[in-house]
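The following exercises are to be worked through with the sequence and the model at hand. Each task is followed by a solution in steps.

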Amino acid sequence: MTNNIEVQNLKKEYPEFFKKHSPELLEFIFSENTSSKIAEICLGNKIEDEEKIEKIANRTVSALLGEFPKENLPEVLEKGVNLEFKTAIEISEQINQLIFSQIPKTKPEKIQKGEIKTEKEKITPGKALFQ
(Lines give C-alpha, C1' and ligand atoms only; values in the text may rest on other atoms or scores of the structure.)
Protein backbone atom coordinates (compact mmCIF):
# COMPACT_ATOMS: atom_id res chain seq x y z
CA MET A 1 0.00 0.00 0.00
CA THR A 2 2.61 2.54 1.07
CA ASN A 3 6.32 2.53 1.66
CA ASN A 4 8.13 3.37 4.89
CA ILE A 5 8.84 7.01 3.96
CA GLU A 6 5.17 7.61 3.23
CA VAL A 7 4.21 6.06 6.57
CA GLN A 8 6.68 8.32 8.39
CA ASN A 9 5.19 11.38 6.65
CA LEU A 10 1.69 10.25 7.62
CA LYS A 11 2.80 9.86 11.26
CA LYS A 12 3.96 13.49 11.25
CA GLU A 13 0.77 14.77 9.63
CA TYR A 14 -1.70 12.67 11.65
CA PRO A 15 -0.16 11.85 15.03
CA GLU A 16 -3.56 11.34 16.71
CA PHE A 17 -4.50 8.64 14.20
CA PHE A 18 -1.32 6.71 14.98
CA LYS A 19 -1.93 7.05 18.73
CA LYS A 20 -5.40 5.49 18.38
CA HIS A 21 -4.23 2.26 16.75
CA SER A 22 -1.67 -0.30 17.79
CA PRO A 23 1.62 -0.31 15.87
CA GLU A 24 1.08 -4.00 15.14
CA LEU A 25 -2.27 -3.33 13.48
CA LEU A 26 -0.92 -0.42 11.44
CA GLU A 27 2.09 -2.44 10.33
CA PHE A 28 -0.30 -5.21 9.28
CA ILE A 29 -2.50 -2.77 7.33
CA PHE A 30 0.44 -1.07 5.57
CA SER A 31 2.20 -4.32 4.73
CA GLU A 32 2.80 -5.35 1.15
CA ASN A 33 1.41 -8.77 2.05
CA THR A 34 -1.99 -7.33 2.99
CA SER A 35 -2.28 -5.22 -0.16
CA SER A 36 -1.18 -8.17 -2.30
CA LYS A 37 -3.84 -10.40 -0.74
CA ILE A 38 -6.55 -7.81 -1.44
CA ALA A 39 -5.43 -7.50 -5.07
CA GLU A 40 -5.32 -11.31 -5.47
CA ILE A 41 -8.82 -11.64 -4.01
CA CYS A 42 -10.13 -9.01 -6.42
CA LEU A 43 -8.45 -10.56 -9.45
CA GLY A 44 -9.67 -14.02 -8.42
CA ASN A 45 -13.20 -12.61 -8.47
CA LYS A 46 -12.71 -11.06 -11.91
CA ILE A 47 -12.39 -7.50 -10.56
CA GLU A 48 -9.66 -5.96 -12.71
CA ASP A 49 -10.65 -2.28 -12.64
CA GLU A 50 -7.95 -0.52 -10.59
CA GLU A 51 -10.43 2.01 -9.21
CA LYS A 52 -12.68 -0.77 -7.88
CA ILE A 53 -9.70 -2.63 -6.40
CA GLU A 54 -8.64 0.57 -4.62
CA LYS A 55 -12.18 1.10 -3.29
CA ILE A 56 -12.28 -2.49 -2.01
CA ALA A 57 -8.89 -2.00 -0.34
CA ASN A 58 -10.02 1.27 1.27
CA ARG A 59 -13.17 -0.30 2.66
CA THR A 60 -11.22 -3.30 3.92
CA VAL A 61 -8.85 -0.96 5.76
CA SER A 62 -11.83 0.96 7.18
CA ALA A 63 -13.20 -2.30 8.58
CA LEU A 64 -9.77 -3.20 9.99
CA LEU A 65 -9.65 0.17 11.74
CA GLY A 66 -13.08 -0.41 13.27
CA GLU A 67 -14.88 2.31 11.31
CA PHE A 68 -17.72 -0.16 10.75
CA PRO A 69 -18.33 -3.78 11.81
CA LYS A 70 -16.50 -6.32 9.66
CA GLU A 71 -19.78 -8.19 9.30
CA ASN A 72 -21.12 -5.26 7.25
CA LEU A 73 -18.40 -5.51 4.61
CA PRO A 74 -20.61 -7.28 2.00
CA GLU A 75 -23.16 -4.44 2.08
CA VAL A 76 -20.42 -1.79 2.11
CA LEU A 77 -18.81 -3.37 -0.95
CA GLU A 78 -22.11 -3.80 -2.74
CA LYS A 79 -23.21 -0.19 -2.29
CA GLY A 80 -19.88 1.62 -2.00
CA VAL A 81 -18.04 -0.18 -4.80
CA ASN A 82 -21.11 -1.02 -6.88
CA LEU A 83 -20.54 -4.79 -6.85
CA GLU A 84 -23.15 -7.46 -7.38
CA PHE A 85 -24.20 -8.76 -3.97
CA LYS A 86 -23.01 -12.30 -4.73
CA THR A 87 -19.56 -10.97 -5.66
CA ALA A 88 -19.48 -8.73 -2.59
CA ILE A 89 -20.24 -11.71 -0.35
CA GLU A 90 -17.57 -13.86 -1.99
CA ILE A 91 -14.93 -11.13 -1.69
CA SER A 92 -15.93 -10.46 1.93
CA GLU A 93 -15.65 -14.13 2.84
CA GLN A 94 -12.18 -14.33 1.31
CA ILE A 95 -11.10 -11.12 3.04
CA ASN A 96 -12.36 -12.58 6.31
CA GLN A 97 -10.41 -15.82 5.78
CA LEU A 98 -7.18 -14.33 4.44
CA ILE A 99 -6.97 -10.92 6.12
CA PHE A 100 -9.31 -10.43 9.08
CA SER A 101 -8.30 -13.78 10.53
CA GLN A 102 -4.67 -12.63 10.53
CA ILE A 103 -5.16 -9.36 12.44
CA PRO A 104 -2.46 -9.08 15.10
CA LYS A 105 -3.85 -9.41 18.59
CA THR A 106 -3.51 -6.32 20.78
CA LYS A 107 -1.92 -6.96 24.12
CA PRO A 108 -4.58 -6.78 26.87
CA GLU A 109 -2.41 -4.58 29.11
CA LYS A 110 -2.38 -1.85 26.45
CA ILE A 111 -6.18 -1.85 26.36
CA GLN A 112 -6.41 -1.78 30.16
CA LYS A 113 -4.05 1.22 30.33
CA GLY A 114 -6.24 3.05 27.83
CA GLU A 115 -3.49 3.16 25.22
CA ILE A 116 -5.61 1.29 22.69
CA LYS A 117 -9.31 1.94 22.08
CA THR A 118 -11.66 -1.01 22.00
CA GLU A 119 -13.90 -1.59 18.95
CA LYS A 120 -16.90 0.02 20.69
CA GLU A 121 -14.92 3.14 21.60
CA LYS A 122 -13.66 3.58 18.01
CA ILE A 123 -17.06 3.58 16.33
CA THR A 124 -18.60 7.02 16.02
CA PRO A 125 -22.43 6.95 16.12
CA GLY A 126 -24.01 8.32 12.97
CA LYS A 127 -20.90 7.88 10.84
CA ALA A 128 -21.78 7.06 7.23
CA LEU A 129 -21.04 3.49 6.19
CA PHE A 130 -20.98 4.18 2.48
CA GLN A 131 -18.59 6.88 1.46
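A residue is called buried when its relative accessible area is under 20%. The model is predicted, and by this cut-off buried residues make up 36% of the 131 residues in the chain.

**Exercise 1. Overall architecture**

Determine how many helices and strands the chain has, and state what share of the contacts with a separation of 6 or more comes from residues 24 or more positions apart.

Solution. Step one is the count of elements: there are nine helices and zero strands. Written along the sequence, the pattern reads α-α-α-α-α-α-α-α-α. Step two concerns the contacts with a separation of 6 or more, of which 65% join residues 24 or more positions apart.

**Exercise 2. The largest pocket**

Establish which residues are closest to the centre of the largest pocket and which helix supplies the largest share of the lining.

Solution. Begin with the volume of the largest pocket, about 280 Å³. Its lining consists of 12 residues, and Leu10, Phe17, Phe30, Val61 and Leu65 are the closest to the centre. Next, assign the lining to elements: at least two residues each come from α2 (15-20), α3 (23-30) and α5 (50-64). The largest share, four residues, belongs to α5. Finally, sort the lining by class, which gives 10 nonpolar, one polar and one charged residues.

**Exercise 3. Two residues in helices**

Decide whether valine 61 is buried or exposed, and do likewise for threonine 34.

Solution. Valine 61 lies in helix α5. Its relative accessible area is 14%, and the cut-off is under 20%, so valine 61 is buried. The C-alpha atom of valine 61 is 9.8 Å from that of leucine 26, although 35 residues separate the two along the chain.

Threonine 34 belongs to helix α4 (residues 32-44). With 3% relative accessibility, threonine 34 is therefore also classed as buried. Apart from neighbours within four places in sequence, the contacts of threonine 34 are Phe28, Ile29 and Ile99.

**Exercise 4. Packing of α5 with α6**

Describe the geometry of the packing between α5 and α6, and identify which residues make the contact.

Solution. First, the geometry: α5 packs with helix α6 (residues 73-81) at an angle of about 145°, the axes lying 10 Å apart. The crossing is right-handed. Second, the participants: α5 contributes Lys52, Lys55, Ile56 and Arg59, while α6 contributes Leu73, Val76, Leu77, Gly80 and Val81. Third, the classes: the contact comprises five nonpolar, one polar and three charged residues.

How values were computed. Residues numbered from 1 in each chain as written. Predicted model: local features only at pLDDT ≥ 70, side-chain atom pairs only at ≥ 80, totals over all residues. Heavy atoms only, no water. 1 Å grid on protein atoms, 1.4 Å probe; cavity = no way out; pocket = protein on both sides within 12 Å on 5 of 7 lines; lining within 4 Å. Points joined across faces, edges and corners; volume = space filled by probe spheres on them. Nonpolar A, V, L, I, M, F, W, Y, C, P; charged D, E, K, R; others polar. Axes fitted to C-alpha atoms, helices over the stretch in contact; angles between N-to-C directions. Left-handed = near helix turned anticlockwise from the far one by under 90°. Contact = heavy atoms within 4.5 Å. Buried < 20%, exposed > 50% of the residue type's maximum accessible area, 1.4 Å probe, protein only.
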